[in-house]
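Trainee: I'd like a close look at one part of this molecule: how its charged side chains pair up. Please take it slowly, since I'm still learning to read these pictures.

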Amino acid sequence: MTILDGKKISNDIKDEIAAEVKKMKAKGEKVPHLAAIIVGNDGASLTYVGSKVKACERVGFESTLVRMSNTTSEIELLDKIEELNENPDIDGFIIQLPLPKQIDTQKVLLAVDPDKDVDGFHPANFGKMALDMSTFIPATPFGILELLDRYGVETKGKHTVVIGRSHIVGRPMSILMGRKGFPGNSTVTLTHSHTKNITQITSQADIIISALGVPNFLKAEMVKDDAVIIDVGITRVPDESSPKGYVITGDVDFENVSKKASYITPVPGGVGPMTIAMLLKNTLLARERHVG
């Protein structure tokens with residue numbers, strides 16, 4: 001069994017990006033600039049955005065953090081998005097989700113300029129991805145592809161089962177794993193909360209990508225020997241024995257499933273670190289696109 005070490009690979013990618021930025025600086029070129037908008041004071045969101053800012057510092061990017069109060073109106077947020085759309089210095093920006101209830105998330109994501117949508121959430125970018133055109137791939141699916149690529153995990157002709165159909169992970173993964181090329185060329189089954197006999201389906205899978213958000217959902221009896229397991233789940237589970245009062249748990253019963261798997265991602269340290277690395281990669285691509 002091989003651990004798909006997202007922490008190590010994400011650090012390799014950041015080192016590669018930092019080397020690119022160093023070359024830009026040596027030529028006197030503008031370095032990539034990533035902005036993030038956060039509305040409200042959600043603890044997990046603040047931590048996540050903070051880690052993105054630190055990652056920008058590490059690779060030599062410029063970064064801007066726009067903090068807006070929990071009472072921000074939809075109009076105020078849309079005005080701020082328009083400001084970033086029109087700012088030539090900003091190569092890409094993200095809007096940290098979730099947003100407060102008074103704001104229509106779909107309306108907000110549609111307002112982002114597709115050429116600056118480094119999260120890859122805009123329908124224009126999602127449509128290009130589905131058509132195999134050059135575009136921004138959502139950061140988490142992009143990170144999963146990179147892990148499979150760098151570890152040389154064979155995907156051609158394999159049966160991939162995706163658990164979960166979110167627009168952020170499940171649905172794009174089902175498209176990307178079925179596309180021509182590597183990683184891809186697999187036969188994909190997309191499962192979700194209404195799927196019947198899910199164990200029957202997962203037990204036939206060569207590759208399982210679980211993005212359900214249900215701790216320890218995938219058990220050993222649901223997995224065949226030598227399956228490749230990608231665990232996207234990340235849930236805080238209360239645990240009084242932990243100093244923090246909780247433990248981070250994935251969708252997969254790691255202890256038991258890892259005994260049967262050929263490759264598996266840990267939680268934490270698997271898919272999570274890859275998401276930020278690929279957000280930086282998308283920002284680098286955006287900067288190259290704008291210069292071009």
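Mentor: Let's start with the key term: a salt bridge here is a side-chain nitrogen of Lys or Arg within 4 Å of a carboxyl oxygen of Asp or Glu. Side chains of opposite charge can pair when their charged atoms come close. Keep in mind that you're looking at a predicted model, where local features need pLDDT of at least 70 and side-chain atom pairs count only at pLDDT 80 or more, while totals for chains, interfaces and linings use all residues. Residues are numbered from 1 along each chain as its sequence is written, and side-chain values use heavy atoms, with hydrogens and water left out.

Search the whole structure and you get 11 salt bridges. Let's walk through a few of them.

Start with E20 and K23, whose closest N and O atoms sit 3.7 Å apart. Both belong to helix 1 (residues 6–26), and because they are 3 residues apart there, about one helical turn separates them. (Helices are DSSP runs of H or I with at least four residues, strands are runs of E with at least two, and both are numbered from the N terminus.) E20 has a relative accessible area of 31%, so it counts as partly exposed; with a 1.4 Å probe and protein chains only, buried means under 20%, exposed means over 50%, and partly exposed is in between.

Now slide along to helix 6 (residues 139–150), which holds both E146 and R150, 4 residues apart, about one turn of the helix. Their side chains meet in a salt bridge, at 2.9 Å from N to O. E146 is buried, because its relative accessible area is 13%. R150 reaches 32%, so this partner is partly exposed. There's a third member to find, too: salt bridges with shared partners tie E16, E146 and R150 into one network.

Next, find D115 and R289, a salt bridge with its closest N and O atoms 3.2 Å apart. Here the pair links distant parts of the chain, with the two positions 174 residues apart: D115 is in the loop between helix 4 (105–111) and helix 5 (123–130), while R289 is in helix 10 (residues 271–291). D115 is partly exposed because its relative accessibility is 34%. R289 comes out at 31%, so partly exposed goes for R289 as well.

While you have the model open, visit one more arginine, R165. An unreviewed UniProt entry marks G164, R165, S166 and I234 as "binding site", though such annotations may be inferred rather than shown by experiment. R165 sits in the loop between strand 5 (159–163) and helix 7 (170–176), and it is partly exposed because its relative accessibility is 35%. Skip its neighbours within four places in sequence, and R165 is in contact (heavy atoms within 4.5 Å) with G170, R171, L190, T191, H192, S193 and H194.

I234, from that UniProt list, lies in the loop between strand 8 (228–231) and strand 9 (235–238). Its relative accessible area is 58%, so I234 is exposed. Residues up to four places away in sequence aside, I234 touches I248 and T249.
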